[in-house]
Amino acid sequence: MMQDVQKSLLVVMGVSGSGKTTIAKGLHKELGWPFQEGDALHPHHNVQKMTAGTPLTDEDRLPWLNQCRAWLEQCAQAGSGAILTCSALKRSYRDVLRASGLDPIFIHLTTDHDTLLKRVTGRSGHYMPASLLPSQINTLEPPEAHERAVEIDATAPAAHIVTKILSTLKIL
């Protein structure tokens, strides 16, 4: 466990296939902070819509984002640090996660379309079909300069990405 990284609320964000879960689990292994797979917090009807290939609306996402924020709030109150995976595609979604005075660091994983498509079509056990990838890409509003965010190229091996994020967190 790394002792030289200040406990923070981390939101590993990006479109489907960017590597959120893999990188978040790597951070969890290194830091020992609580980890929450954001997809597990989706209401059942959201999962049904995505499984059917129907993109979620802002209204669909709001209860999910509120659940994600509630989990972050619990970790903030406990002072435990936190690692949450959440696509956080729009600034308004990130604003929901920042509500209640929270100040998470958004780790924005980016990669090219071909890599995303290869990852999404090659994984098993996930309800998000590759057909929804264009919707996610079109919805994405990358974090702006004034947002507390770090953009990370997610084409490197996972261990390198985790190491780069940890190095960045040491200086934040």
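This tour moves through a predicted model, beginning at helix H3 and continuing to the salt bridges.

**Helix H3**

Select residues 58-78, which form helix H3. With 21 residues at 1.5 Å a residue, the expected span is 30 Å, and the end C-alpha atoms are indeed 30 Å apart, so the two values agree. Next, colour the buried residues of H3: Asp60, Arg61, Trp64, Leu65, Cys68, Arg69, Trp71, Leu72 and Cys75. To see what covers these buried residues, add strands E1 (9-13), E2 (35-37) and E3 (82-85), together with helices H2 (44-51) and H4 (91-98), which are included in that cover. Then step past the end of H3 to Gly79, where phi is positive, near 70 degrees.

**Helix H4 and its salt bridges**

Keep helix H4 (91-98) on display and show the side chains of Arg91 and Asp95. These side chains meet in a salt bridge, with an N to O distance of 3.7 Å. Both residues belong to H4 and stand 4 residues apart, about one turn of the helix. An α-helix has 3.6 residues a turn, so residues three or four places apart point the same way. Arg91 is partly exposed at 29% relative accessibility, and Asp95 is likewise partly exposed, at 35%.

Now select Arg94 and Glu147, whose side chains form a salt bridge at 2.8 Å, N to O. Arg94 is in helix H4, whereas Glu147 is in the loop between helix H6 (133-139) and strand E5 (149-153); the pair therefore ties together parts that are 53 residues apart in sequence. Are these two residues buried or exposed? Glu147 is buried, at 6% relative accessibility, and Arg94 is buried as well, at 0%; the cut-off for buried is under 20%.

Add Arg98 to the selection to complete the group: Arg91, Arg94, Asp95, Arg98 and Glu147 are linked in a network of salt bridges.

**From helix H7 to the segment before E1**

For the last stop, select Lys170 and Asp4. Their side chains meet in a salt bridge at 3.5 Å, N to O. Lys170 lies in helix H7 (residues 158-171) and Asp4 in the segment before E1, so that this pair links distant parts of the chain, 166 residues apart. Lys170 is partly exposed, with a relative accessible area of 41%, and Asp4 is also partly exposed, at 47%.

Finally, display the salt bridges across the whole structure, where a search finds 9.

Terms used:
Residues numbered from 1 in each chain as written. Predicted model: local features only at pLDDT ≥ 70, side-chain atom pairs only at ≥ 80, totals over all residues. Heavy atoms only, no water. Helix = DSSP H or I, 4+ residues; strand = E, 2+ residues; numbered from the N terminus. Expected span 1.5 Å × (residues − 1). Buried < 20%, exposed > 50% of the residue type's maximum accessible area, 1.4 Å probe, protein only. Contact = heavy atoms within 4.5 Å. Salt bridge = Lys/Arg side-chain N within 4 Å of Asp/Glu carboxyl O.
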